[in-house]
Amino acid sequence: MIVEKSIHYKVKQGIVVALPIIIGYFPIAMAFGLMAKNTSISFLDTSLFSMMVFAGASQFMALDLIGAGVTWANIILATFLLNLRHLMMTASLAVEFKSIPKKFLPLIGFGITDETFSVISFNKDKISTSFVLVLNFLSYSSWVIGTMVGYIVGEIIPAPLQTSLSIGLYAMFAALLFPEINKSKNIFFLSIISAIVYIILFYSNLFTSGWDIILGIIISSALGVVFFINSSKEREK
Amino acid sequence: MRTYIPLIIGMGLATYLPRLIPLVALSDRKIDDRVREFLYYIPYTSLSILIIRGIITADSNMKIATIAGIAIAGILSYKKGNLVLSVLSGILLSFLIINMSI
């Protein structure tokens with residue numbers, strides 16, 4: 001028997017799974033706030049960067065490129081390329097979001113990052129409108145508030161602590177992926193294949209950052225389809 | 001100070017559109033089994049890629065701390081299945097290693 005879970009329960013689940021993201025985002029956002037200040041960007045514009053762009057890697061890259069005097073059109077293009085990987089991620093989520101009313105999709109889409117995507121993908125049984133919205137909102141708040149705090153008092157966090165907190169996001173990726181490896185041999189091989197494919201793409205130096213990630217995702221996922229086509233039929237959809 | 005608002009709006013669109021379009025475009029379309037299979041693998045392949053990318057792009061003096069933090073978090077969640085505990089252990093271990101190496 002399926003028990004209808006209350007909104008309250010879903011919200012609580014959202015908060016619990018958001019915790020690692022909140023902890024990881026805050027110091028990185030602080031670092032962004034501090035660096036933006038050092039690039040002499042106003043407090044308002046720095047906050048707007050985090051509120052409207054909400055993409056860590058792109059925002060740091062933008063600071064670099066602003067400092068290097070790159071034109072705004074080129075910065076926007078580079079941002080687009082770097083975030084193209086989210087096309088693949090949200091395409092993958094679209095299949096899982098059947099139960100979510102369409103009117104919420106524009107709002108939910110705004111909050112999809114590498115981190116929220118990962119947490120949602122590995123908690124498919126919990127997917128509901130309130131679960132996803134709570135997760136996205138808390139992650140977003142941590143990013144925006146962290147940026148503002150960093151702009152104002154960024155100097156107070158010692159660098160080693162900042163670095164280890166940002167390693168926390170990678171620790172989270174690993175903590176999400178490893179238990180899945182346990183469940184299926186195919187996933188284990190596919191993870192190894194993906195890593196090898198990316199290493200080849202990265203060191204080939206043929207593609208700029210952004211393209212190498214999206215190509216890596218496409219190639220290794222396609223290899224998964226080719227290699228595991230028979231075993232996938234056993235898995236009930 | 002100059003205003004960056006046009007740049008911010010442009011970058012905002014450049015990040016929002018790739019996040020939004022597949023969600024809306026694919027939401028009630030019949031999806032071919034092969035494509036579904038391909039989409040099913042994306043979380044695994046992208047996570048592997050993000051992790052390996054984190055390791056190979058880490059500064060050389062942070063590499064050991066990064067690998068150790070990732071490894072302990074992965075192993076703990078593999079054994080215990082607790083996400084928050086695993087992540088905090090990863091952070092703690094990398095913090096200790098960074099402090100030892102300074």
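Where in chain A is the place of A:Thr129? I looked this up before anything else, in what is a predicted model.

**Entry: A:Thr129**

I find A:Thr129 in helix 8 of chain A. I wanted to know next whether A:Thr129 is buried or exposed. A:Thr129 counts as buried because its relative accessibility is 17%, and the cut-off for buried is under 20%. Leaving out residues up to four places away in sequence, I list A:Ile100, A:Pro101 and A:Phe104 as what A:Thr129 touches.

**Entry: helix 2 of chain A and what follows**

I turned to helix 2 of chain A, residues 43-53. Which of its residues are buried? I note A:Asp45, A:Thr46, A:Ser47, A:Leu48, A:Phe49, A:Ser50 and A:Val53. I then looked for what covers these buried residues, and the cover includes helix 1 (7-38), helix 3 (56-67) and helix 8 (129-153) of chain A. Helix 1 of chain B is also part of that cover. Helix 8 is the element in which I had placed A:Thr129.

After helix 2 of chain A comes A:Phe54, in the loop that leads from helix 2 to helix 3. I checked its backbone and found phi near 45°, a positive value in a residue other than glycine. Most residues other than glycine have a negative phi, so I kept this one on my list. A:Phe54 is buried, because its relative accessible area is 2%.

**Entry: a second positive phi**

I also have A:Asn205, where phi is near 60° and the residue is again not glycine. Where is A:Asn205? I place A:Asn205 in the loop between helix 10 (185-204) and helix 11 (211-227) of chain A. A:Asn205 counts as exposed, because its relative accessibility is 65%. So I have positive phi at A:Phe54, which is buried at 2%, and at A:Asn205, which is exposed at 65%.

**Entry: the two domains of chain A**

I took the division of chain A as domain 1 (7-175) and domain 2 (184-237). Their centres, taken over C-alpha atoms, are separated by 24 Å. How many residues of each domain are in contact with the other? I record five from domain 1 and seven from domain 2 of chain A.

The area buried between domain 1 and domain 2 of chain A is about 600 Å², and carbon and sulfur atoms give 86% of that area. Of what domain 1 buries against domain 2, A:Leu81, A:Arg85 and A:Met88 supply 66%, more than any other three residues. I looked for salt bridges between the two domains and the count is zero. The count of residue pairs in polar contact, both at pLDDT 80 or more, is zero as well.

Helix 4 (72-83) and helix 5 (85-96) of chain A each supply at least two residues of the side of domain 1 that touches domain 2. By class, I enter four nonpolar residues, no polar and one charged for this side of domain 1.

**Entry: chain B against chain A**

I moved on to the two chains. Their contact takes 96 residues from chain A and 71 residues from chain B. Chain A and chain B bury about 7700 Å² between them, with 77% of the area on carbon and sulfur atoms. B:Met11, B:Arg19 and B:Leu23 supply 10% of the area that chain B buries against chain A, more than any other three residues.

I count zero salt bridges between chain B and chain A. Residue pairs in polar contact, both at pLDDT 80 or more, number 13. Which elements give two or more residues to the side of chain B that touches chain A? They are helix 1 (5-26), helix 2 (33-57), helix 3 (63-80) and helix 4 (83-101) of chain B. Helix 2 of chain B gives the largest share, 23 residues. I sorted this side of chain B by class into 44 nonpolar, 18 polar and nine charged residues.

**Entry: A:Ser92**

My last lookup was A:Ser92, in helix 5 of chain A. A:Ser92 is buried because its relative accessible area is 5%. What does A:Ser92 touch, not counting residues up to four places away in sequence? I wrote down A:Phe117 from chain A, with B:Leu39, B:Ile42 and B:Pro43 from chain B. A polar atom of the A:Ser92 side chain lies 3.1 Å from the backbone oxygen of B:Leu39.

Definitions and conventions:
Residues are numbered from 1 along each chain as its sequence is written. Chains are lettered from A and ligands numbered from 1 in the order in which they are written. This is a predicted model: local features need pLDDT of at least 70, side-chain atom pairs count only at pLDDT 80 or more; totals for chains, interfaces and linings use all residues. Side-chain values use heavy atoms; hydrogens and water are left out. Contact means heavy atoms within 4.5 Å. Buried area is the accessible area (1.4 Å probe) that two parts lose on being put together, summed over both. A salt bridge is a side-chain nitrogen of Lys or Arg within 4 Å of a carboxyl oxygen of Asp or Glu. A polar contact is a pair of N or O atoms within 3.5 Å; within protein, one must be able to donate a hydrogen and the other to accept it, and residues adjacent in sequence count only if both atoms are side-chain atoms. Helices (H or I, at least four residues) and strands (E, at least two) are DSSP runs, numbered from the N terminus. Ala, Val, Leu, Ile, Met, Phe, Trp, Tyr, Cys and Pro count as nonpolar, Asp, Glu, Lys and Arg as charged, and the others, Gly among them, as polar. Domain bounds come from an automatic or database domain assignment. Buried means under 20% relative accessible area, exposed over 50%, partly exposed in between (1.4 Å probe, protein chains only).
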